[in-house]
Amino acid sequence: MTRLSIDQQDAWRALSAHAQQMRGSHLRELFTARPGRHAAFTHRAAGLTLDLSKQRWSDETLELLLDLAREAQLPEAIRALLDGERVNRSEDRPALHTALRLPPDASLRVEGNDLVPSVHACLDRMASMVESFHAGQWRGATGRAIGHVVNLGVGGSDLGPLMVTHALSDYRLQGVHEVEVHFASTMDGSQLADYLARLNPETTLFVLSSKSFTTIDTLSNARTARDWLMARLGNEEGVDDALVMRQHFIGVSASPEKMCEWGIAEAHQLEFWEWVGGRYSLWGCIGLPIALVVGMARFRELLAGAHAMDRHFREAPLADNLPVLLALAGIWNVNFLDIRAHSILPYDGRLEYFAAYLEQLEMESNGKSVTHDGDKVNYSTCPVLWGQLGPNAQHAFYQLLHQGTQAVECDFIAPLVRYDDVTDEATRHHLMGQHRLTLANCFAQSRVLMLGDDAIADDGPRPGHKRYRGNQPSSTLLLDRLTPATLGALIALYEHKVFVQATIWDINPFDQWGVELGKQIAGETQHILEHHEGLEAMDESTRALIEAVWAAEQGSR
């Protein structure tokens, strides 16, 4: 019997009818009608507090959304994900990023094999490398200690480690040999060229992070790095190519044979498993740059914080489950209030790259238009997601949020406490005042987005250009403090939110065939550009663009 799509089932129909009643409701009215609304829609777990009271919903809305989650068999899906079942159906494998943060005394048997020992063996191997760097014992080909590490990756092999190392900058390890970590991802070489102009090849090592070890962007940068090292170190006495490759490169991949072919020594290879998607990979050895900055003890705290959220996700009832509730708020906005834009607004400079990280996590995961069965969906899936540091965004795109014609859901994110550990009393007093100013802006912006004109003291009639409609939905996420553990919980919260929404939309969040198609077509186009053949197969516009490149190259000779 053909299964009904989710939008044809009873819970979805009930929500559609309910949405017609709620569309005319304003958030100020919802607060007036529901005393204790904040407490009713606020939940805590793993050092995080989630306030959903400014969402344009009611108790009835949430009950209907929970019915939808049950109708989509969400509890069974959560169990299947965390138990290692083959939830990635298009690639016929499990999605086991949560296994990377299981404690060493745990056990997870998948198809007869306990994954935990191999995960921790890889972490232990990474720990040995990190210890060697921090002890000043990892030497380059000329015998000098490595002091700079450049991570060559793209997508999940870049965004995750970059985001976390910046977020945990306050936890930079002290009292060890200093290792500066840098990131280069752009295939045009602009980032890498800047580093190569400033760094000393004798003290620089490159980490090649690529699940398949075939990613053009990463390998292009890696070849440039290799040529740079060989040209500058190859003439040194006692230095040969093999020594340079051994002492200046580490590989992280699911393809050890390709790493060996490229010349990376087996002793300097770290494992990446096929059952971990790139955008979910920072918890394993892709996180090497993180550990180099904060040390393995802090890295393990990051894993522990994520695991705490995993346990909450598995054990908490749906009505008190932070990832479920955050996901349901998104479903309500996208599918029933027709709000298809979502802005991520951290109010802490350490979270500068968090929005960019979530852009990949959410849009690469849930930017899908067919169900697990290959049927075209009849409803919206992932919204357009973007963001910036909130204090900067206030002077950039908040004008649209407050007075534009586009409805936007917003996530405000901030730590409750910061700078309380600064030792100098005067400096601490000043910095804590700045943090209070930041929080005041965070809370004020969400208040005005909610209430509009009603948030402003009555000063008489105002012209239209000074009026604010309000009624823009938002969530506020407060971290007790921004620590490795709470950051791990925060990232895991959004990972699980993505999975919940994918489950309800009946799509696969763990593949990315659109990305793979782009890579394939780019490779074919590169061949045409380089070999001047196959142009007749291109469309008119692409032919003209390629011919323009050829003409420019000819003219520059």
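How many aromatic pairs does a search of the whole structure find? In this predicted model, the search comes up with 16 aromatic pairs. The close-ups below visit some of the rings, along with two charges that sit over ring faces.

**View 1. Trp12 meets Phe336 in a tilted pair.** The two ring centres lie 4.9 Å apart and the planes make an angle of 55°, so this pair counts as tilted. Trp12 belongs to helix H1 (residues 10–22) and Phe336 to helix H14 (residues 322–336), so the contact ties together parts that are 324 residues apart in sequence. Both partners are out of the way of solvent by the numbers: Trp12 is buried at a relative accessible area of 7%, and Phe336 is buried at 2%.

**View 2. Trp332 and Phe336 form a stacked pair.** Here the centres are 5.8 Å apart, and the planes differ by 25°; that angle is under 30 degrees, so the pair is stacked. Both residues sit in helix H14, four residues apart, or about one turn of the helix. Trp332 has a relative accessibility of 0% and counts as buried.

**View 3. A cluster of four named rings takes in both pairs.** Ring pairs join Trp12, Trp332, Phe336 and Tyr379 into this cluster. Look for Phe336 here, as it pairs with Trp12 and also with Trp332.

**View 4. Arg37 sits over the ring of Phe31.** The charged end of Arg37 is 5.2 Å from the centre of the Phe31 ring.

**View 5. Arg101 lies over the face of Trp283.** In this close-up, the distance from Arg101 to the ring centre of Trp283 is 4.6 Å.

Key:
Residues numbered from 1 in each chain as written. Predicted model: local features only at pLDDT ≥ 70, side-chain atom pairs only at ≥ 80, totals over all residues. Heavy atoms only, no water. Phe/Tyr/Trp six-rings, centres within 6.5 Å; stacked < 30°, edge-to-face > 60°. Helix = DSSP H or I, 4+ residues; strand = E, 2+ residues; numbered from the N terminus. Buried < 20%, exposed > 50% of the residue type's maximum accessible area, 1.4 Å probe, protein only. Lys NZ or Arg CZ within 6 Å of the ring centre and 35° of its normal.
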